[in-house]
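Hi,

Here is the structure I promised to pass on. Have a look at it first, and then read my notes below.

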Amino acid sequence: MYTLVKKSKIFFKCNKVPFMLSIVVYFFGFLLGMFVIYSTNLNILNQMNLIDSVEVTHTLQRESTTLALIQNNCLMILILLSGSFLLGLSTLINLLFNGYVFGMAIAGMLQVSSLIKVLLLTVPHAIIELPAIWFAGAAGFKMPYELVRYFVDKKNYIFNKKEIVDFLILAFIAINLIMIAAFIEANLTMRIAEII
């Protein structure tokens with residue numbers, strides 16, 4: 001057990017910069033999305049003729065089967081991971097966009113529902129989905145980060161086996177977390193929406 005904890009600490013220390021960059025970019029998009037809703041006084045749910053967050057959830061329920069959510073979420077994860085091969089560009093854009101959309105959705109739901117309802121409809125799956133997004137973002141930034149370190153003479157090789165394994169571990173964690181989050185969203189969050 002001690003060895004696992006020690007290895008985990010080393011793993012996170014080696015991947016701290018890509019992981020923190022992933023979180024910061026996502027939250028920048030999230031805050032931007034919330035700012036747009038609140039600063040423009042835009043009521044996105046009313047414009048879509050949806051009265052409250054429960055109605056939004058029921059509208060989305062048709063597309064919220066476990067398989068459909070896994071497919072959609074895995075596509076997002078793959079786009080985030082592709083940043084490793086595209087100098088982080090797809091990762092950056094996808095993190096900003098997903099954070100922005102989530103920020104707009106939360107702000108929009110808060111305009112028409114109570115904080116408790118919004119939390120009940122988002123927290124059960126978001127508590128796992130957000131770390132999955134951040135892990136995938138970290139993986140997407142991992143290789144570009146290592147390239148930058150090489151070009152600024154912080155290391156004398158481009159990639160080594162450990163960095164590639166770190167990328168694969170980050171990707172593996174992200175994919176598994178996103179599948180768990182999809183299962184929770186389809187099977188628990190939708191049940192909560194029916195109750196409230």
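What follows is a run through what turned up, starting with the overall fold and moving on to the details.

Bear in mind throughout that this is a predicted model. The protein chain has eight helices and zero strands, so there is not much suspense in the pattern along the sequence: α-α-α-α-α-α-α-α. Of its 196 residues, 43% count as buried.

The aromatic side chains are where I'd look first. A search of the whole structure gives eleven aromatic pairs. Take Phe19 and Phe135: their ring centres are 4.9 Å apart and the planes sit at 65°, which is over the 60 degrees needed, so this pair counts as edge-to-face. Phe19 belongs to helix α2 (residues 16-40) and Phe135 to helix α7 (residues 115-151), so the pair ties together parts that are 116 residues apart in sequence. Both of these phenylalanines are buried.

A second pair joins those two helices as well: Phe27 and Trp134, with 5.6 Å centre to centre and 40° between the planes, which makes it tilted. Phe27 is in α2 and Trp134 in α7, so here the parts tied together are 107 residues apart in sequence. The two partners differ in burial: Trp134 is buried, with a relative accessible area of 14%, while Phe27 is partly exposed at 36%. Both also belong to a cluster, in which ring pairs link Tyr26, Phe27, Phe30, Phe102 and Trp134.

While you have α2 on screen, check its length. Its 25 residues should span 36 Å at 1.5 Å a residue, and the end C-alpha atoms are 36 Å apart, so the two values agree. Which residues of α2 are buried? They are Pro18, Phe19, Ser22, Ile23, Val25, Tyr26, Gly29, Phe30, Gly33, Met34 and Ile37. When you look at that list, remember that an α-helix has 3.6 residues a turn, so residues three or four places apart point the same way. Right after α2 comes Asn41, whose phi is positive, near 55°.

On backbone angles, the background is that most residues other than glycine have a negative phi. Two more residues to check are in loops:

- Leu87 has a positive phi of about 55° although it is not a glycine. Leu87 sits in the loop between α5 (66-81) and α6 (89-112), and is exposed, with a relative accessible area of 66%.
- Asp153 also has a positive phi, about 60°, and is not a glycine either. You'll find Asp153 in the loop between α7 and α8 (161-195); at 69% relative accessibility, Asp153 counts as exposed.

Now for the surface. Leu115, Leu119, Val123 and Ile127 make a nonpolar patch of about 360 Å². Val123, one of these four, lies in helix α7 and is partly exposed, with a relative accessible area of 37%.

Finally, the cysteines. How many disulfides are there? The count comes to zero. As for individual cysteines, Cys14 is partly exposed, with a relative accessible area of 33%, whereas Cys74 is buried at 17%.

If you only have a few minutes, I'd start with the Phe19 and Phe135 pair and then go on to the ring cluster that includes Trp134.

Cheers

Methods:
Residues are numbered from 1 along each chain as its sequence is written. This is a predicted model: local features need pLDDT of at least 70, side-chain atom pairs count only at pLDDT 80 or more; totals for chains, interfaces and linings use all residues. Side-chain values use heavy atoms; hydrogens and water are left out. Rings of Phe, Tyr and Trp (its six-membered ring) pair if their centres lie within 6.5 Å; planes under 30 degrees apart count as stacked, over 60 as edge-to-face and the rest as tilted. Helices (H or I, at least four residues) and strands (E, at least two) are DSSP runs, numbered from the N terminus. Buried means under 20% relative accessible area, exposed over 50%, partly exposed in between (1.4 Å probe, protein chains only). The expected span of a helix is 1.5 Å times one less than its number of residues. Patches are made of residues with over 30% relative accessible area and no salt bridge: like charges are joined within 9 Å, nonpolar side chains (Val, Leu, Ile, Met, Phe, Trp, Tyr) within 5 Å. Accessible areas come from the Shrake-Rupley method with a 1.4 Å probe; for residues, only the protein chains shown count as cover. A salt bridge is a side-chain nitrogen of Lys or Arg within 4 Å of a carboxyl oxygen of Asp or Glu. A disulfide is a pair of cysteine sulfur atoms within 2.5 Å.
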